[in-house]
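Colleague: I would like a close look at one single part of this model, explained slowly enough for a first-year student to follow.

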Amino acid sequence: MREAVGDAVNGDGDGGWQRLTAGLFRRVRRDLAAALDEVPDAALDGRPAPGCNSLGWLAWHVARGQDRNVSELMGEPQVWVADGWAARCGRPADPSDTGFGHAPAEAAAFRSPGGALLLGYHGAVHARVERYCATAPAGDLGRTVTSPTLGNAHTVEERLQGLLADSFAHLGQIALLRGALAGTTER
């Protein structure tokens, strides 16, 4: 039994880590769509207190982080730049503008392009994530990838772990912020 579990996690089983990873990203996609459901566009820039990120910034940051990381894993240009999402969102076509390292003033200055556009962009990124998970070789987790935007190097496994942890942490922030802005923590 132990070997069968190890084989599946190591990618030697039926779909292995790729299937698990795709499922986690699908959950992020589903939860992000649910969190933004019926939120008026005007509320996406709301912040309950100075120093807090807005719903729109958090949703944008989740999508940007996934786009940057998975594009770099695949050696492809980010959809943010290549598919014109930056222009549609009224932002610079800067591959390093992902929200990572934004000062509080930069995050506060962010203006959401609207829920439909944020989810559209995330949908385009998610399609790339699905393609990566469907085509990544079993041994890809150990491959080291250098980020041209950050200048650091990590294994694919480390990048995916960090990316998913960040995505789920921000989804929790989005849910809490949505409740705080509505005056309740219940959904």
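How many residues apart are Asp31 and Arg27 in helix H2?

Modeller: Before the answer, please note that this is a predicted model, in which local features need pLDDT of at least 70 and side-chain atom pairs count only at pLDDT 80 or more, while totals for chains, interfaces and linings use all residues. Residues are numbered from 1 along each chain as its sequence is written, and side-chain values use heavy atoms, with hydrogens and water left out.

Asp31 and Arg27 are 4 residues apart in helix H2, which covers residues 16-36, and so about one helical turn separates them; helices here are DSSP runs (H or I, at least four residues), numbered from the N terminus. An α-helix has 3.6 residues a turn, so residues three or four places apart point the same way. The side chains of Asp31 and Arg27 meet in a salt bridge, at 3.5 Å from N to O, where a salt bridge means a side-chain nitrogen of Lys or Arg within 4 Å of a carboxyl oxygen of Asp or Glu. Side chains of opposite charge can pair when their charged atoms come close.

As for their surroundings, Asp31 is partly exposed, with a relative accessible area of 24%, and Arg27 is also partly exposed, at 45%; buried would mean under 20% and exposed over 50%, with partly exposed in between (1.4 Å probe, protein chains only). The pair does not stand alone, since Arg27, Arg30 and Asp31 are linked in a network of salt bridges, and the structure holds 10 salt bridges.

Key
Helix = DSSP H or I, 4+ residues; strand = E, 2+ residues; numbered from the N terminus.
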